Amino acid sequence: MSTEAGTFTPAPGRAPMRAILRQQVRMELLLTARRGEAVVLAMGVPLLVLLGAGLTNATNVPGDDRLGFVVPGVLALTVMSTAFTGQAITTGYERSYGVLKRLGASPLTRPGLLFSKTAAILCLVGLQVLALALVGVVVGWRPELSHVLPAIGVTVLATAAYCGLALLIASVLRPETTTAAATLIYVLMLAAGGIMFAAPDLGTAGHFLLPLAAHAEALRDTLTSGTAVPASIWLSLTLWAAVALTAAARKFRWE
């Protein structure tokens with residue numbers, strides 16, 4: 001700040017939180033782009049499931065619209081793969097390598113870091129889901145475009161829930177244990193979530209026990225059937241997101 005011609009006085013102070021968060025989201029996206037192999041892997045499995053289960057009779061699906069069942073399930077699987085599995089493993093190793101410890105010495109707060117990571121994952125998930133949806137359309141899937149907004153809403157809630165869970169386990173477990181736990185949960189959800197074949201009908205209780213199954217069912221309701229998302233699914237994903245993010249904020253450790 002200038003007091004007279006040629007004279008300046010320093011004005012130290014923390015940057016506005018909005019600017020800090022914007023830069024951190026940008027950094028999270030940049031770091032993700034540098035881990036291209038992780039992004040490819042996160043999309044590779046869902047893409048193989050889409051083509052394998054959607055274009056062949058390798059699995060039994062309910063009804064005659066095979067792609068209408070498989071593609072929404074694959075979109076839900078992609079969200080979980082990126083927002084939960086990839087996020088948990090990456091954050092665990094960032095803590096192990098001291099990256100988070102250095103961020104802890106910056107003006108960035110814990111809620112700010114959680115927000116930045118979740119916002120960056122939302123951006124990435126949006127691009128991945130769009131790419132896989134286009135693949136689905138190319139191979140014959142015909143979604144109900146008039147019901148896109150509810151599909152986006154449940155996907156945002158599911159992404160927030162998975163990010164919260166990922167950051168929670170990455171905070172309380174060692175990196176190696178985090179990798180094993182995240183992979184195991186991913187495999188179990190894939191098997192029980194009704195992605196490639198019909199899952200056991202657990203009724204409303206299933207919406208609260210299996211967020212992947214609830215998300216996949218919601219996408220099928222909106223994008224394939226053109227019907228409203230059941231209230232139990234909205235409530236389930238909202239609770240998962242609120243509880244997971246709150247627990248992550250309370251348990252998150254910089255080191």
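Reader: Let's start with one residue. In which helix is Leu149 found?

Author: Leu149 belongs to helix α6. One thing to keep in mind as we go: this is a predicted model.

Reader: Thanks! Is Leu149 buried or exposed, and how do I read that?

Author: Look at the relative accessible area: over 50% a residue is called exposed. Leu149 has 69%, so it counts as exposed.

Reader: Which residues make the nonpolar surface patch that includes Leu149?

Author: Leu149 shares the patch with Leu122, Leu145, Val148, Ile152 and Val156, and the patch covers about 540 Å². Helix α6, spanning residues 148-172, gives the largest share, with four residues.

Reader: How should I read the surface of the protein chain as a whole?

Author: Look at the total area and at the atoms that supply it. The protein chain exposes about 12,700 Å², and 68% of that comes from carbon and sulfur atoms. Of its 255 residues, 44% are buried.

Reader: And the fold? How many helices and strands are there, and in what order do the elements run?

Author: Count 10 helices and two strands in the protein chain. Starting at the N terminus, the order is β-β-α-α-α-α-α-α-α-α-α-α.

Reader: What share of the contacts comes from residues 24 or more positions apart?

Author: Among contacts in the protein chain with a separation of 6 or more, 80% join residues 24 or more positions apart. Leu237 and Val154 make a nice example: they are 83 residues apart in sequence, while their C-alpha atoms are 7.2 Å apart in space.

Reader: Where is Leu237, and what does Leu237 touch?

Author: Leu237 sits in helix α10, residues 231-251. The cut-off for buried is under 20% relative accessible area, so Leu237, at 0%, is buried. Setting aside residues up to four places away in sequence, Leu237 touches Val154, Leu157, Ala158, Pro211 and His215.

Reader: His215 is on that list. Why is His215 called buried?

Author: His215 is called buried because its relative accessible area is 0%. His215 is placed in helix α9, residues 211-224. Beyond residues up to four places away in sequence, His215 touches Ala76, Val79, Val154, Thr155, Ala158 and Leu237.

Reader: Let's try helix α10 again. Is Lys251 buried or exposed?

Author: Lys251 also lies in helix α10, and its relative accessibility of 51% makes Lys251 exposed. Neighbours within four places in sequence aside, Lys251 contacts Leu168, Ser171 and Val172. From C-alpha to C-alpha, Lys251 is 9.8 Å from Ala170, with their positions 81 residues apart in sequence.

Reader: Could we do one more? Is Thr178 buried or exposed, and what does Thr178 touch?

Author: Thr178 is part of helix α7, residues 175-192. With 0% relative accessibility, Thr178 is buried. Not counting residues up to four places away in sequence, Thr178 touches Ala88, Ile89, Ile169, Ala170 and Leu173.

Reader: Last topic: rings. How many aromatic pairs are there?

Author: A pair of aromatic rings is described by how far apart the centres are and by the angle of the planes. The rule used here wants ring centres within 6.5 Å, and the count comes to zero aromatic pairs.

Reader: Then what lies over the face of Phe69?

Author: That would be Arg220, at 3.7 Å from the ring centre of Phe69.

Definitions and conventions: Residues are numbered from 1 along each chain as its sequence is written. This is a predicted model: local features need pLDDT of at least 70, side-chain atom pairs count only at pLDDT 80 or more; totals for chains, interfaces and linings use all residues. Side-chain values use heavy atoms; hydrogens and water are left out. Patches are made of residues with over 30% relative accessible area and no salt bridge: like charges are joined within 9 Å, nonpolar side chains (Val, Leu, Ile, Met, Phe, Trp, Tyr) within 5 Å. Accessible areas come from the Shrake-Rupley method with a 1.4 Å probe; for residues, only the protein chains shown count as cover. A salt bridge is a side-chain nitrogen of Lys or Arg within 4 Å of a carboxyl oxygen of Asp or Glu. Buried means under 20% relative accessible area, exposed over 50%, partly exposed in between (1.4 Å probe, protein chains only). Rings of Phe, Tyr and Trp (its six-membered ring) pair if their centres lie within 6.5 Å; planes under 30 degrees apart count as stacked, over 60 as edge-to-face and the rest as tilted. A charge sits over a ring if NZ of Lys or CZ of Arg is within 6 Å of the ring centre and within 35 degrees of the ring normal. Contact means heavy atoms within 4.5 Å.
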